[in-house]
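Let's take a walk through this structure together, starting with the overall layout and then stopping at a few spots along the way. Keep the viewer open so you can follow along.

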Amino acid sequence: MGVYVNWWKLDPWFTIRLIFHGWHSNSPLSHPKLTQRAFFGDRFPLSSVIPFQRRMNRYESYLWPFSMMQPFARASSILRQIRNDGSSGEKVLVMAGTQDKLMTPKVTEETAEFYRAAAGEKREGVRVSFVDGAGHHLQNDVQWKDSAGKLFQFYKGIESPISD
C-alpha cells in the first residue's frame with residue numbers, strides 16, 4: 001500500500017488525469033516526464049525514457065495493484081523453502097535505489113522487516129541494499145551496473161552445501 005500512497009504523493013494530478021484519460025490503466029505513465037519521475041533517478045535522461053516507454057505494456061490490469069496490497073505468500077513459508085537446502089547465511093535481498101520515489105527507504109525497510117519477523121528470534125538472513133542515485137527501475141537506470149554488482153555480490157555470498 002505504501003508504494004501506491006507514494007505514487008499518489010509524487011503525482012497529485014493522478015486521479016484527475018485518470019478520470020480525464022477514461023480510467024486508462026497507463027494514465028499515470030502517459031507522458032515521458034511522468035515515467036521518468038516515477039521510475040528513474042535524477043541522472044536518467046528524458047531522451048532515454050521514450051525508448052523505454054516503447055517496451056512498456058500499453059495496458060495494465062487494475063486487479064494487479066490491488067492484489068499487491070496484501071501479501072500473496074507467507075514470509076515464513078518462503079523462508080522455509082529457501083532454507084530447506086540446509087545452508088545458512090543471507091537468503092533474501094531487498095534492494096532499492098536511493099532515489100526510488102515508490103519503494104522509499106521506509107517501504108524497503110518494512111519489506112525487509114516482513115521477512116526478518118518471519119525468520120524468528122534471530123531475525124537474520126535478510127540483507128537490505130541501496131543503490132546510490134538509482135530510481136525504481138534499478139535494472140534500467142543509469143546505475144544498472146551498480147545494481148547488478150550488488151546483486152552479484154549477494155549471489156556470491158549465498159552459502160551452499162553443494163561443493164564443486
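Eight helices and two strands make up the secondary structure of this protein, and keep in mind as you look around that the model is predicted. If you trace the elements starting at the N terminus, the order reads α-α-α-α-α-α-β-α-β-α. The protein has 164 residues, and 35% of them count as buried. Now look at which parts touch which: of the contacts with a separation of 6 or more, 64% are between residues 24 or more positions apart. On the outside, the protein exposes about 10,700 Å², with carbon and sulfur atoms supplying 59% of that area.

For a look at the inside, go to helix H3, which covers residues 32-39. Six of its eight residues are buried, so helix H3 is largely enclosed by the rest of the structure. The buried ones are Pro32, Leu34, Thr35, Gln36, Ala38 and Phe39. What do they pack against? Their partners are helix H1 (2-10), helix H2 (14-20) and helix H4 (46-54).

Next come the charged pairs. Side chains of opposite charge can pair when their charged atoms come close. A search of the whole structure turns up four salt bridges. One of them joins Arg17 to Asp11, with 2.4 Å from N to O. Are these two buried or exposed? Both Arg17 and Asp11 are buried.

Another salt bridge links Arg127 and Glu90, whose closest N and O atoms are 2.7 Å apart. Arg127 sits in strand E2 (residues 126-131), while Glu90 belongs to the loop between helix H6 (75-83) and strand E1 (92-97), so this pair ties together parts that are 37 residues apart in sequence. Arg127 counts as partly exposed, at 26% relative accessibility, and Glu90 is also partly exposed, at 29%. Then there's the salt bridge between Glu109 and Arg116, where the closest N and O atoms are 4.0 Å apart. Glu109 is partly exposed too, with a relative accessibility of 36%.

While you're in the neighborhood of the loops, find Arg74 in the one between helix H5 (63-67) and helix H6. Arg74 counts as exposed, at 57% relative accessibility. How far is Arg74 from Tyr115 in sequence and in space? They are 41 residues apart along the chain, and their C-alpha atoms are 9.1 Å apart.

Strand E1 is worth a second visit for its part in a pocket. The second largest pocket holds about 190 Å³ of space. Which element gives the largest share of its lining? That would be strand E1, with four residues. The full lining consists of Leu93, Val94, Met95, Ala96, Asp100, Met103, Thr111, His136, Leu138 and Leu151.

Last stop: the surface around Tyr155, a residue of helix H8 (residues 144-157). Tyr155 is exposed, with a relative accessible area of 57%. Together with Phe152 and Ile158, Tyr155 makes a nonpolar surface patch of about 320 Å². So the tour that went inside to helix H3, largely enclosed by the rest of the structure, ends out on the surface, at a nonpolar patch.

Key. Residues are numbered from 1 along each chain as its sequence is written. This is a predicted model: local features need pLDDT of at least 70, side-chain atom pairs count only at pLDDT 80 or more; totals for chains, interfaces and linings use all residues. Side-chain values use heavy atoms; hydrogens and water are left out. Patches are made of residues with over 30% relative accessible area and no salt bridge: like charges are joined within 9 Å, nonpolar side chains (Val, Leu, Ile, Met, Phe, Trp, Tyr) within 5 Å. Accessible areas come from the Shrake-Rupley method with a 1.4 Å probe; for residues, only the protein chains shown count as cover. A salt bridge is a side-chain nitrogen of Lys or Arg within 4 Å of a carboxyl oxygen of Asp or Glu. Buried means under 20% relative accessible area, exposed over 50%, partly exposed in between (1.4 Å probe, protein chains only). Contact means heavy atoms within 4.5 Å. On a 1 Å grid over the protein atoms alone, a cavity is a set of points where a 1.4 Å probe fits but cannot get out, and a pocket is an open set with protein on both sides within 12 Å along at least five of seven lines; lining residues have an atom within 4 Å of a point. Grid points are joined across faces, edges and corners, and a volume is the space filled by probe spheres set on the points.
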